[in-house]
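Subject: Handing over the two-chain model

Hello,

Here is the structure I promised to pass on. Please have a look at it first, and then read my notes below.

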Amino acid sequence: MTTTAPIVLNRDSITVSRETDVVPFRSRVKEHAVKIGMSLLNQTKLITGASELVRNMLKYGNGGIVKIEVLSRGRDSGIRLIFEDKGPGIPDINKAMTDGFTTGKSMGLGLPGTKRLMNEFNIQSEVGVGTTVTVIKWKNG
Amino acid sequence: MEKIPILRMGHFLLVTIQVDLYDQLAENLEADLVSMVSKTNAKGVLIDVSSVSIIDSFMGRILGNIATMSKIMDADTVVVGMQPAVAITLVELGLPLKGVYTALNVERGMQLLRSKILLEEEDEEEEYDNDGADSIE
């Protein structure tokens, strides 16, 4: 497998500021995943993970923008999602990535669970500035 | 305001979720179901999720809540018809769906609920028998 950087074939973005934006956002991600021929299982993993992240963004970051990119790398293609919020940021990312850790009243599965569902997962956060989570799900990943 | 209909059938309440739920709708369903269990004395709740393509941790928590709350009100909850891709995703996400009974389809779900009611009735009968025995002594 070549390790060249993926090429972005298509860019889309959607603003999520309210709870009712979640379902249309999920359908948009699904549309892109169907278009590249992603299997039903990978679609389900991608959309479930996206749903967790967008919920975090609404709950802790007061909403934000999600960029949806269709990627091509060699023979494989995939979807990259970039969640950007200008919320309070996460003081301790390692702790936030632990199963069962939560500052809210949820079960604390969102971040670690989503990492398991995706092929690539990256989180960057600065207190007082905001949080950016980038995930990739490959079509055959 | 959208609403998920709850159907009553004998001792059971049936819910078919046909749309992707947003949070408020799911929370309303939870509240409606629990109050319906109390109002109708239902012994079981059957939730059909065969048209649900996504169950994330929030939705999973709602299902768990419904089961726990119904149990406190003396009703069992069965979730039926989960799509294979959804089941795989739930496990990888780390969501165990504790306390929720599951069945492959509506038919088996109904069988499961019926068998639970029968078991309970048998238990009650045994209790009465014991009482009778005690009084004779």
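Along the sequence, chain A runs in the pattern β-α-α-β-β-α-α-β-β. That comes to 4 helices and 5 strands, where helices (H or I, at least four residues) and strands (E, at least two) are DSSP runs numbered from the N terminus.

Before the details, please note that this is a predicted model: local features need pLDDT of at least 70, side-chain atom pairs count only at pLDDT 80 or more, and totals for chains, interfaces and linings use all residues. Residues are numbered from 1 along each chain as its sequence is written, while chains are lettered from A and ligands numbered from 1 in the order in which they are written.

**Chain A**

The C-alpha trace of chain A spans about 40 × 30 × 25 Å along its principal axes. Its radius of gyration is 15 Å, which agrees with the value near 14 Å for a compact globule of 141 residues; the radius is taken over C-alpha atoms, and the globule rule is 2.2 Å times the number of residues to the power 0.38. Of the 141 residues in chain A, 37% are buried, meaning that 20 or more other C-beta atoms, placed from the backbone, lie within 10 Å of the residue's own.

Strands β2 (residues 64–73) and β3 (residues 76–85) of chain A pair in the antiparallel sense over 10 bridges; pairing requires that DSSP finds at least two bridges between two strands. One of these bridges joins A:Ser72 to A:Ser77 in β3(A). The two strands form a hairpin with 2 residues between them, and A:Gly74 in the turn has a positive phi of about 60°. β3(A) also runs antiparallel to β5 (residues 130–138) of chain A, with 8 bridges, and there A:Ile82 has A:Thr134 as its bridge partner in β5(A).

**Chain B**

In chain B, 5 strands form an open sheet in the order β1-β2-β3-β4-β5, with mixed pairing. β1 (6–9) and β5 (101–103) of chain B stand at the edges with a single partner strand each, so one side of each is left without a neighbour in the sheet. β4 (residues 76–80) of chain B pairs with β5(B) in the parallel sense over 3 bridges, and B:Val80 has B:Ala103 as its bridge partner in β5(B).

**Where the chains meet**

Contacts here are residue pairs whose C-beta atoms, placed from the backbone, lie within 7 Å. By that count, 18 residues of chain B are in contact with 22 residues of chain A. On the chain B side, the elements giving two or more residues are α1 (23–40), α2 (57–72) and α3 (84–93), and the largest share, 6 residues, comes from α3(B).

One helix pair across the interface deserves a look. The axes of α4 (residues 110–117) of chain A and α3(B) come within 8 Å and cross at roughly 125°; axes are lines fitted to C-alpha atoms, for helices over the stretch in contact, and angles run from 0 to 180 degrees between N-to-C directions. That makes α4(A) oblique to α3(B), since angles under 35 degrees count as roughly parallel, over 145 as roughly antiparallel, 65 to 115 as roughly perpendicular and the rest as oblique. There, A:Gly113, A:Arg116 and A:Leu117 in α4(A) meet B:Thr89, B:Glu92 and B:Leu93 in α3(B).

Best wishes

Methods
Two residues are in contact if their C-beta atoms, placed from the backbone, lie within 7 Å. A residue is buried if 20 or more other C-beta atoms lie within 10 Å of its own, exposed if 12 or fewer, and partly exposed in between; C-beta atoms are placed from the backbone.
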